[in-house]
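Here is a short set of exercises to work through with the model open beside you. Try each task before you read its solution.

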Amino acid sequence: MTRTALLFAVTLAVATVALAGEDGRRLDGPGDSEITAFVEQLGDADFRARERATKRLLEIGPASLRALRNAPRSDVEIRYRARRISRRILGRSTRLTADFEREVEAIYDETDLRIERASRETAEKLEPIRDSLTRSQRLDEAMAVRAARRTLLGLSNAPGGVDLPPDAEAVAESLVESLTEAEQDAAARAKRRRTDLFTSLGTLRVSLEKDGEQEAARAVGQLVEALDQGIDKVLDDPGSIRQLDTTVGRVFFVRTTGAKAGSVWGSDLYTTDSALAVAAVHAGVLREGETGTVKISVLAGRNSYEGTTRNGVTTSSWGSYGTSFRVAKATGLLKGMAIPEARGLPAVSKLLTDYEEDVAAIEEQHAKRSTALRRQAAADLEPIQEVTARNARLVEALAVRSTRRWLSEDSSDDRPAELPPSASRIVREHERRASEIEKKTTERVRERRRAAVARLQLLRADFAAAEENEAATAIESTIVAMRNGYSKAIPDPGSVGRMKAQPGRSHYVKVTGARNGSVWGSDVYTTDSTIAAAAVHAGVLKVGQTAVVKITVLPGQPAYVGTERNGVTTSAWGAYPMSYRVRRVFGGPQPAKAEAPAKR
């Protein structure tokens, strides 16, 4: 007999004794008359006799339920004790299940502590390797070790958010001032050239009017007005304003066709990721199917956006968002505009060509000047990077290097390199150790589950023998749930936000891994993220794998980082009120065979 089989046999034997009665003795079934006598003794004048009868009926268990239900109603003491004994007998399966759940939860908590302790020890071993690599200017490998350490410690590997050292910050500030000055100079030169163009076009229009060429003069006048309003160029619909330059204050003229299908957030003012064609219908600027030119004004973001229903379009509400836009009808100038006729006049064509060439030259000179300033700043940052690296200030060294690469327009990839062999061996040893801990945890949970199922089976048999079929059926359902996973597991609600989520609470959810769905964050996700996709992203489940996962609700975070893992790409987000972490429940149901991904 194997060790596991022997342990199960012992567990079953213990369970048989434990379920015999609440005092631990297995008793031969008494007859109906004896049970009735015990029920009558519940009203005995002697307190000790009442207690003995109570104890005996609890020992008899389900077989006494019929007599307890038929207890004399005239005696208050009998009625009270009979009701209390019945509740205790009927609640045995609930207590057994609760005991099992507490035992398993304790095992999981112990496992978490052991793996957390092992992770901290491994992170300490990696620290000197990271510092040595940093001093050697092997920043990519050092970053890979840093990422491994932060993963072990449960910290975010989010890029950004790192301040440059003061000397590098001074270089950056000086560069910003120089670039701003160069941009202002180029803008002033372009503005002067534009004024010259308008003066020349105005002179030409007056000359055409004197020569009696009224149509040509009108066309030139419209061209000047269009240039002044910035509507000489009408853009094709990009889908959403987010695809354009969303600098606050910008104005665009876009040709679009009104539609009702698409996501829109807000009313009058819309978030810049809203569908333009749908927003235009909601705002009453266009009808569905109507094609026209609309004016788009980019505005500052709002703290909240209200959803409403207008013109057959229902928009959604939203919280804070970075930029907004307003959509309005384009001026009547666009209808029947004679801009093509004006551009066709030789004199106008010459003026416009000269102007565009001069502006292009100004822009080229500005670009060359900006590039020279950026390259000089990158060169000034090089010795600062070397100093920070020698002092093992990895994050600052990386921040300086990233700034240098950006200034130099270097396309080198800043993603971490592979772990060096020394660090890789340490990480592999940690993974082996963590795997052993998880295997032992799985076996311990299975042992507890087998023991709990054995107890429940004996209890179900007792209820069945007493013809308490409803209770026996309920226990059978509990047994099936326990065998198939975790007895407290609930069906996948889609997102944690649909549950009664409160920070600090844990929920067990039966879910099937999927790649489809919206997810915000990495490791820690917003509560409106799709659980099935977050579980795959976190490496807890594979696509198509069904299992029970533990959802731990956490407080909100100031920011969430989007990453790509396991075929799932999550999005970044700002502040959100609540978060969650998802982890595997050890010893849960067997994984389903993953289906091959559908062809796209």
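**Exercise 1.** Find how helix α8 and α12 pack, and at what angle.

*Solution.* Step one: α8 spans residues 166-210, and α12 spans residues 346-390. Helices here are DSSP runs of H or I with at least four residues, strands are runs of E with at least two, and both are numbered from the N terminus. Step two: the axes of α8 and α12 lie 10 Å apart, at an angle of about 175°. Axes are lines fitted to C-alpha atoms, for helices over the stretch in contact, with angles from 0 to 180 degrees between N-to-C directions. Step three: this angle makes α8 roughly antiparallel to α12. The classes are roughly parallel under 35 degrees, roughly antiparallel over 145, roughly perpendicular from 65 to 115, and oblique for the rest. Step four: sorted by class, the contact of α8 with α12 holds 20 nonpolar, 5 polar and 12 charged residues. Nonpolar covers Ala, Val, Leu, Ile, Met, Phe, Trp, Tyr, Cys and Pro; charged covers Asp, Glu, Lys and Arg; the others, Gly among them, are polar.

A word on the source: this is a predicted model, in which local features need pLDDT of at least 70 and side-chain atom pairs count only at pLDDT 80 or more, while totals for chains, interfaces and linings use all residues. Residues are numbered from 1 along each chain as its sequence is written, and side-chain values use heavy atoms, with hydrogens and water left out.

**Exercise 2.** Work out which residues make the contact between α5 and α6.

*Solution.* Start with the geometry: the axes of α5 (residues 76-90) and α6 (residues 92-135) come within 4 Å and cross at roughly 45°. That crossing makes α5 oblique to α6. Next, list the residues in contact (heavy atoms within 4.5 Å): α5 gives Arg 88, Ile 89 and Leu 90, and α6 gives Arg 92, Ser 93 and Arg 95. Finally, sort them: 2 are nonpolar, 1 is polar and 3 are charged.

**Exercise 3.** Locate the largest nonpolar core and say which helix supplies its largest share.

*Solution.* A nonpolar core is a set of buried Ala, Val, Leu, Ile, Met, Phe, Trp, Tyr and Cys residues joined through side-chain atoms within 4.5 Å. Buried means under 20% relative accessible area, exposed means over 50%, and partly exposed lies in between (1.4 Å probe, protein chains only). First, the largest core has 34 residues, and those with the most contacts inside it include Leu 57, Ile 89 and Phe 463. Then look at the helices: α2 (32-41), α3 (47-60), α4 (65-69), α5, α6, α14 and α15 (469-483) each supply at least two residues. The largest share, 6 residues, comes from α14. To finish, zoom in on Leu 57: beyond its neighbours within four places in sequence, its contacts include Phe 38, Val 39, Leu 68, Ile 85 and Ile 89.

**Exercise 4.** Look for salt bridges between residues about one turn of a helix apart.

*Solution.* Side chains of opposite charge can pair when their charged atoms come close. The cut-off for a salt bridge is a side-chain nitrogen of Lys or Arg within 4 Å of a carboxyl oxygen of Asp or Glu. The whole structure has 27 of them; here are three.

- In α9 (residues 214-229), Glu 215 and Arg 218 are 3 residues apart, and their N to O distance is 3.6 Å. Glu 215 is exposed at 56%, while Arg 218 is partly exposed at 40%.
- In α12, Lys 350 and Asp 354 are 4 residues apart, with their closest N and O atoms 2.5 Å apart. Lys 350 is exposed at 51%, while Asp 354 is partly exposed at 24%.
- In α14 (residues 421-465), Arg 432 and Glu 436 are 4 residues apart and meet at 2.4 Å, N to O. Arg 432 is partly exposed at 40%, and Glu 436 is partly exposed at 39%.

**Exercise 5.** Is Ala 142 buried or exposed?

*Solution.* First place Ala 142 in helix α7 (residues 139-152). With a relative accessible area of 0%, Ala 142 is buried. Then check what surrounds it: not counting residues up to four places away in sequence, Ala 142 touches Arg 130, Leu 133, Thr 134 and Leu 394.
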